[in-house]
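Me: I have a structure open and want to go through it with you. Can we take it piece by piece?

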Amino acid sequence: MEGEGGVGFIGGGKMAFGIAVGILESGNVKPEKIMASAPSNNNVYKFKEAGMKTTHCNSSVLENCKVVFLSVKPHILTQVLSDISPFVTPAHLIVSVAAGVTVETLEKFLPAGTKVLRMMPNLPCTVQQGSMVFCRGSNAGTQEAAFLKSLLAACGLCEETPESYIDIHTGISGSGVAYVYLFAEALAEGGVKMGMPYDLSKKLVAHTLLGAAKMILETGEHPGKLKNDVCTPGGTTIHGLYELEKGNLRCTVMNAVEAATKRARELGKD
């Protein structure tokens, strides 16, 4: 596959714009080859400011683009699929980023033989540090999978997985960034409680999270080992960890992943 047919977005929210910016960063697609559609200008003005094309007509996206990302809310996706179906051809590659909506549902509402990929990104795609997983529909092959990974290379990590992992990824990474922000907020406010100015505390927290994440990736060590490496007998860290364990942090986070995963599965049935 090649990108000269254009890349389109039906839905112009933050995630769509973040993916579009990442695609531009890759240098594989020029701004004028990207088009976004939305009912109003509330979101798509950002695309226009970045040199991309905009429209209020979904069919225009299909007519001008061969790769089309469906980035609308799950509860309206089936209606959107019904609306665009007459304009979808065998030349199109349809990529859904709607939480919970299965490949089976996507293929049900699109013409037989349509090449479909189901993907779940997360918000850090907007700063090219995203975490994305995708799976293929029954008519998409290795060529389409390789094309998507190449197209999104500048957006962050992009891995092909079984479809059953995608809702789990929603619970871990899609929703998980919010868990991390909540933890970061609490950590920063802990610094304020102990007498540090908020702006400095926030900056230190952000770099702490960044450094910890980098160590997980670069050392390949289990997070538990890295945690233990920080602890010394009777030291500050083990005393702090004891308080977190008393608050059931570990169990609470695991329950949050479970709750978000289950909700993602429910969204696909609503």
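Me: Start in the sheet. How do strand 6 and strand 7 pair?
Reply: Strand 6 and strand 7 are antiparallel, with four bridges between them. In that pairing, R118 has C135 of strand 7 as its bridge partner. Keep in mind that this is a predicted model.

Me: And what stands opposite R118 in the other direction, towards strand 5?
Reply: S96 does. Strand 5 and strand 6 are parallel and share four bridges. Another of the bridge pairs there is V95 with L117 of strand 6.

Me: How does the chain get from strand 5 to strand 6, and what is the handedness of the crossover?
Reply: It passes through helix 5, in a β-α-β crossover that is right-handed.

Me: Which residues of strand 6 are buried on each face?
Reply: K115, L117 and M119 are buried on one side, and V116, R118 and M120 on the other. That makes six of six residues buried.

Me: What about the two faces of strand 5, covered or open?
Reply: Both are covered. L93 and V95 are buried on one side, I94 and S96 on the other.

Me: Which way does strand 4 run against strand 5?
Reply: Strand 4, residues 67–70, runs parallel to strand 5, residues 93–96, and four bridges join them. V68 is opposite I94, and L70 is opposite S96. The connection from strand 4 to strand 5 goes through helix 4, residues 74–84, and this β-α-β crossover is right-handed.

Me: Zoom out. What is the strand order in the whole sheet?
Reply: The order is 3-2-1-4-5-6-7-8, an open sheet of eight strands with mixed pairing. Strand 3 (53–55) and strand 8 (156–160) are the edges, each paired on one side only. From one strand to the next the twist averages 20°.

Me: Which strands does helix 6 touch?
Reply: Helix 6, residues 142–151, packs on the sheet and touches strand 1, strand 4, strand 5, strand 6, strand 7 and strand 8. Its direction makes about 170° with that of strand 7.

Me: Next, the cores. How many residues are in the largest nonpolar one?
Reply: It has 31 residues. V7, F9, I23, F69, M119 and L152 have the most contacts inside it. A second, separate core has 19 residues, including I10, L70, L77 and V80.

Me: What does I23 touch, leaving aside neighbours within four places in sequence?
Reply: Its contacts are V7, F9, N28, V29, I34, F69, L151, L152 and C155. Of the residues with the most contacts in the largest core, V7, F9, F69 and L152 are among them.

Me: Different spot: T105. Where is it?
Reply: T105 is in helix 5, residues 103–109.

Me: Why does T105 count as buried?
Reply: Because its relative accessibility is 18%, and the cut-off for buried is under 20%. Apart from neighbours within four places in sequence, T105 is in contact with T78 and L81.

Me: How far apart are the C-alpha atoms of T105 and G268?
Reply: They are separated by 8.4 Å, although the two residues are 163 places apart along the chain.

Me: How many disulfides does the count come to?
Reply: Zero.

Me: Why is there no bond at C158?
Reply: Because the closest cysteine sulfur, in C155, is 8.3 Å from that of C158, which is too far for a bond. A disulfide would need the two sulfur atoms within 2.5 Å.

Me: C158 and C251: buried or partly exposed?
Reply: C158 is buried, with a relative accessible area of 9%. C251 is partly exposed, at 42%.

Me: Last one, helix 7. Which of its residues are buried?
Reply: I166, D167, H169, T170, G171 and S173 are buried in helix 7, which spans residues 166–174.

Me: What covers those buried residues?
Reply: The cover includes strand 6, strand 7, helix 8 (176–193) and helix 12 (249–267). That brings us back to the pair we started from, strand 6 and strand 7, which are antiparallel.

Note on methods: Residues are numbered from 1 along each chain as its sequence is written. This is a predicted model: local features need pLDDT of at least 70, side-chain atom pairs count only at pLDDT 80 or more; totals for chains, interfaces and linings use all residues. Side-chain values use heavy atoms; hydrogens and water are left out. A nonpolar core is a set of buried Ala, Val, Leu, Ile, Met, Phe, Trp, Tyr and Cys residues joined through side-chain atoms within 4.5 Å. Buried means under 20% relative accessible area, exposed over 50%, partly exposed in between (1.4 Å probe, protein chains only). Contact means heavy atoms within 4.5 Å. Two strands pair if DSSP finds at least two bridges between them. Axes are lines fitted to C-alpha atoms, for helices over the stretch in contact, and angles run from 0 to 180 degrees between N-to-C directions. A crossover is right-handed if, with the strands pointing away from the viewer, the path from the first strand over the helix to the second runs clockwise.
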